[in-house]
Structures are given as C-alpha cells and as structure tokens.
Amino acid sequence: MLLTGKRALVTGSTSGIGLAMARALHAEGAEVILNGFGDEGEIATICQELGQNGGSAKHFAANLLDANEIEDMMADAGPLDILINNAGMQHVAPVDEFPTDKWDAVIGLNLTAAFHTTRLAVPAMRDKGWGRLINTASAHSLTASPFKSAYNASKHGIVGFTKTVALELAQSGVTANCISPGYVWTELIKGQIPDTMKARGLSREEVINDVLLAKQPTKKFVQPEEVGALAVFLCREEAGNVTGSNWSMDGGWTAE
Ligand code: NAD
C-alpha cells in the first residue's frame, strides 16, 4: 500500500482511463475523489467500490467547462495530495468546418480546466511539502493527426502548462508530469470512430485497423489499467525527481 493516507482527486473518473487510474490509486490505499458524468446508479456503484472503511467515495458532478463549478468542487474536496487532470473530449472535423463552440469546449475541458484545478490545488500541496500533479495528455501532445486541430492544440498545450508548473514547484516537493497514451480502448475512442469514418470515407474496420492501430507499432490498444499503473508509479516517493516530463505509453507510436 504505497498511497495510504493520500487524498486524490481524479477528474473524468466515471469511465475509461480516469476510472482505471482511480481504481489503481484506491488499490494502493489512497482516498479517491471522483468527478465526471454518467448514469447515477453506475456512479453510485463505482463510489461504493472505491470507498474506504465501508463508506462511499465522494463524487462531484462538476462540469469542468464552468470555472465556478470547478471552484466549488475544489473547495468541497478539500486539500489534496494528488490531482489527476484527466477529463477530456475530442471533436473530429476539418479545420475550416470545425464548429467554434466545439473548439472552445475541447480547449476548455482539455486545457483550461486543468489550469483551474491546478491553481486551486497547489497552495495546500506546497504548504504540505508534497504533491503529485498528473495530467493525461496524449500521443497527440507530441505529434498530430489531421481533423483534430482543437485536440492536438489542447494536448500540446497541456504539456507546456505542466512543464511550467513543474519548474515553479521544483523545490517544493510537488511534481507535475504528463502521461501520453496512444489509443486506449475507451468510450472516447469508440465515440470518434463514426466521425472519422465520415471525415475520411472509411468503414468501421478500416478506421480501427488502418487509422487507429496503424499508428501503434505494437498493433494493440493500450489498456486503461496500464495507464493506471503508470499514474501510481508517478505518485511513488521514488518518482520525486520525475517532474516536468511527458511519459509516452503509445505502443511505439511516437518513436516512429
Ligand atoms: P472517456 O470518454 O471514457 O472519459 C472521459 C471522462 O471525462 C468521463 O468520466 C466523463 O464523464 C468526463 N467528462 C467529460 N466531459 C466532462 C466535463 N465537461 N466535466 C467533467 N467531466 C467530464 O475518455 P477516456 O478515453 O478515458 O479519456 C480520458 C483522458 O485520456 C482524456 O483527457 C483523453 O484526451 C485522454 N486520452 C485518451 C486516449 C484514448 O485512446 N482513449 C488516448 C490518449 C489520451
């Protein structure tokens, strides 16, 4: 149990990668606080599963596109030891047809929300002399694919943000790092298949094999649990000198 006594908020943890990271932290003894949308009954089951001492984990349905809701969530969550900015969204369209409200939402959730949670979490971490800030970026923080202008911009941006925070906090005991997965088999990926089919005129199988897995030399989707394990590593004492970094977990995608 590496994380007993630590309090961790994972944004976007009602499904996919965030849920796997929350499960991994919980398995190491952390008190996990959840955020995200979804079916009320399913979220209640997750809260029960990830509670401590027979209780339920806290869940905030804060919409991270709203700075006021973020402020309320952070105030109610209280001081954190670990903050994982993971909530994210995608929209796939050519740049000249990209809906401007989608641009604002992708940048707002993938980048600006992390600024707000981070600025609100840092003072308590700095006071304590220990903290872990982890941002879920993407292989698209290092490379680009067409039709994902907002997503690529947001993920490149979160790396720059993370590096800056890491430098500002370098002597405080607080680290800040990104994890950059390749394609992970979650709802976010499943949801963009129809749009990619439309944008590129391909079948579902062609999108999976010729667009998504074509990027990953291992020819395997990353599993959410693998990302959870990397998040736990970054929370270890031994990772205290790992800061300002961007860890790829992409089946070799960005090695090419
Ligand atoms: P997902 O769609 O399964 O989960 C997204 C989570 O964010 C959910 O809990 C959802 O409720 C929450 N969320 C969405 N909008 C929100 C909002 N406005 N406010 C609060 N919560 C909100 O997605 P995922 O695939 O698990 O992706 C998680 C992160 O990983 C994202 O940042 C994504 O960009 C990144 N990522 C995913 C992949 C992949 O292949 N799935 C690859 C690289 C990076």
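**Notebook: ligand site, Asn135, Ile208**

I started with the ligand and counted its shell: 30 residues surround it, and the closest are Thr14, Asn86, Tyr151, Val184 and Thr186. I keep in mind that this is a predicted model.

Next I asked where the ligand sits. It occupies the largest pocket.

**Polar partners of the ligand**

I looked up N and O atoms around the ligand oxygens. For Thr14 I found a side-chain N or O atom 2.7 Å from an oxygen atom of the ligand. Ile17 takes part through its backbone: one N or O atom there lies 2.8 Å from a ligand oxygen. Val184 also uses a backbone N or O atom, and here the distance to an oxygen atom of the ligand is 2.5 Å. I then checked the cover. The ligand taken alone exposes 830 Å², and the protein buries 92% of that.

**Helices in the shell**

Which helices each supply at least two residues of the shell around the ligand? I noted helix 1 (16-27), helix 5 (149-168) and helix 6 (187-200). Helix 6 gives the most, with 3 residues.

**Asn135**

I moved on to Asn135 and placed it in strand 5, which runs over residues 131-136. Is Asn135 buried or exposed? I count Asn135 as buried because its relative accessibility is 3%, and the cut-off for buried is under 20%.

I then looked for side-chain partners. A polar contact of 2.8 Å links the Asn135 side chain to that of Asn85. A second one, at 2.9 Å, links the side chains of Asn135 and Thr162. Setting aside neighbours within four places in sequence, I listed the contacts of Asn135. They are Asn85, Ala114, Ile158, Phe161, Thr162, Asn177, Cys178 and Ile179. Asn85 and Thr162 are thus on the contact list and are also polar partners of Asn135 through their side chains.

**Ile208**

My last stop was Ile208, in helix 7 (residues 204-212). Its relative accessibility is 16%, so I count Ile208 as buried too. Which residues does Ile208 touch, leaving aside neighbours within four places in sequence? I found Trp185, Ile193, Leu213 and Phe221.

I also took one long-range distance. Ile208 and Arg119 are 89 residues apart in sequence. In space, their C-alpha atoms are 38 Å apart.

Note on methods. Residues are numbered from 1 along each chain as its sequence is written. This is a predicted model: local features need pLDDT of at least 70, side-chain atom pairs count only at pLDDT 80 or more; totals for chains, interfaces and linings use all residues. Side-chain values use heavy atoms; hydrogens and water are left out. Helices (H or I, at least four residues) and strands (E, at least two) are DSSP runs, numbered from the N terminus. Buried means under 20% relative accessible area, exposed over 50%, partly exposed in between (1.4 Å probe, protein chains only). A polar contact is a pair of N or O atoms within 3.5 Å; within protein, one must be able to donate a hydrogen and the other to accept it, and residues adjacent in sequence count only if both atoms are side-chain atoms. Contact means heavy atoms within 4.5 Å. A residue is near a molecule or strand if one of its heavy atoms lies within 4 Å of it. Accessible areas come from the Shrake-Rupley method with a 1.4 Å probe; for residues, only the protein chains shown count as cover. On a 1 Å grid over the protein atoms alone, a cavity is a set of points where a 1.4 Å probe fits but cannot get out, and a pocket is an open set with protein on both sides within 12 Å along at least five of seven lines; lining residues have an atom within 4 Å of a point. A molecule sits in a cavity or pocket if more than half of its atoms lie within 2 Å of its grid points.
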